[in-house]
Amino acid sequence: DLGDLFISVMEKPVKPPRLLAAIQEGLGVERSFISNTPIDTEELLLADEFPLNILVAEDNFINQKLILTVLRKMGYMPSLANNGLEAVSICRDNKVDLIFMDLQMPEMDGLEACQKIQGEHGDESPVIVALTAFAMKEDRERCLAAGMQEHISKPFRTEEIEQVIRTFT
């Protein structure tokens, strides 16, 4: 039985509070000795509550890093498409539940990619959310008319991403 060999077993990605609690337990050190703030060892990641295959379709390197970091902190391991054409291809070859889609991308823009994905997958289409610098009311209406379920303008707030996950899954 391997259970006797380990003090703690964690699934990736490991959140710092969970790791610290396991180390403290292994060392037999009281939490108050290392930190005076309580540690919630039962912290639930959003991905634990809403397990999803997420795709980010974004061509800008900085924006890619930002949204990927936010999603990883929520416990997700999202896929990345650098343009709409890649997004369509990834959706053909993999089960995708949710896409955060930029609108202005090379090869194929987000609106065209959305329509192509929905045309190929019909009722089994992933939820597609515009994540774009276009922030006008008309832009939102254009995204919804193209079949996207939501529109988030950049710069986005983490709470907006979390709300989309909770609402549409």
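In these legends, helices (H or I, at least four residues) and strands (E, at least two) are DSSP runs, numbered from the N terminus. The model is a predicted one.

**View 1. Asp-109 sits in the loop between β3 and α6.**
Start with this loop residue. Is Asp-109 buried, exposed or partly exposed? With a relative accessible area of 32%, Asp-109 is partly exposed, because buried means under 20% and exposed means over 50%. The side chain of Asp-109 gets to the backbone nitrogen of Leu-111 at 3.1 Å. Look also for Ala-57: the C-alpha atoms of Asp-109 and Ala-57 are 9.8 Å from each other, while 52 residues separate the two along the chain.

**View 2. The whole protein has 8 helices and 5 strands.**
Walk along the chain from the N terminus and the elements come as α-α-α-β-α-β-α-β-α-β-α-β-α. The protein has 169 residues, and 39% of them count as buried. Take the contacts between residues at least 6 apart in sequence: 60% of those join residues at least 24 apart. How confident is the prediction? The average pLDDT of the protein is 84, and 85% of the residues reach at least 70. One stretch to treat separately is residues 31-42, where pLDDT stays under 50. For residues 31-42 the model has 14 contacts beyond four places in sequence.

**View 3. The 5 strands make an open sheet with parallel pairing.**
Read across the sheet and the order is β2-β1-β3-β4-β5. Which strands stand at the edges? They are β2 (79-81) and β5 (150-153); each has a single partner strand, so one side of each has no neighbour in the sheet. From one strand to the next, the twist averages 20°.

**View 4. Strand β1 (residues 54-57) is joined to β2 by 3 bridges.**
The two strands run parallel. Within this pair, Leu-55 is found opposite Ser-79 of β2. Helix α5 (residues 84-93) packs on the sheet here, where α5 touches β1, β2 and β3 (98-101). The direction of α5 makes about 140° with that of β2. Helix α6 (residues 110-121) packs on the sheet too, touching β3 and β4 (127-132). For α6, the direction makes about 160° with that of β3.

**View 5. Strand β3 has buried side chains pointing both ways.**
Leu-98 and Phe-100 point one way from β3, Ile-99 and Met-101 point the other way, and all are buried. In a regular strand, side chains alternate between the two faces of the sheet. On the β1 side, 4 bridges join β1 to β3, and the two run parallel. Val-56 has Phe-100 as its bridge partner in β3. Another 4 bridges link β3 to β4, again running parallel. There, Leu-98 has Val-127 of β4 as its bridge partner. Put β3, α6 and β4 together and you get a right-handed β-α-β unit.

**View 6. Thr-132 is a buried residue in strand β4.**
How accessible is Thr-132? Its relative accessibility is 1%, so Thr-132 counts as buried. Leaving out residues up to four places away in sequence, Thr-132 touches Asp-102, Leu-103, His-151, Ile-152, Ser-153 and Lys-154.

**View 7. Glu-150 belongs to strand β5.**
Why does Glu-150 count as buried? The relative accessible area of Glu-150 is 18%, and buried means under 20%, so Glu-150 makes the cut. The side chains of Glu-150 and Arg-140 are joined by a polar contact of 2.5 Å. Beyond residues up to four places away in sequence, Glu-150 touches Ile-128, Val-129, Ala-130, Arg-140, Leu-144, Val-164 and Phe-168. One of those, Val-129, has Glu-150 as its bridge partner in β5.

**View 8. Strands β4 and β5 are joined by 4 bridges.**
These strands run parallel. Add helix α7 (residues 137-145) to the picture, and β4, α7 and β5 make a right-handed β-α-β unit. Strand β5 is also an edge strand, with a single partner strand.

Conventions: Residues are numbered from 1 along each chain as its sequence is written. This is a predicted model: local features need pLDDT of at least 70, side-chain atom pairs count only at pLDDT 80 or more; totals for chains, interfaces and linings use all residues. Side-chain values use heavy atoms; hydrogens and water are left out. Two strands pair if DSSP finds at least two bridges between them. Axes are lines fitted to C-alpha atoms, for helices over the stretch in contact, and angles run from 0 to 180 degrees between N-to-C directions. Contact means heavy atoms within 4.5 Å. Buried means under 20% relative accessible area, exposed over 50%, partly exposed in between (1.4 Å probe, protein chains only). A polar contact is a pair of N or O atoms within 3.5 Å; within protein, one must be able to donate a hydrogen and the other to accept it, and residues adjacent in sequence count only if both atoms are side-chain atoms. A crossover is right-handed if, with the strands pointing away from the viewer, the path from the first strand over the helix to the second runs clockwise. pLDDT is the predictor's confidence in each residue, from 0 to 100.
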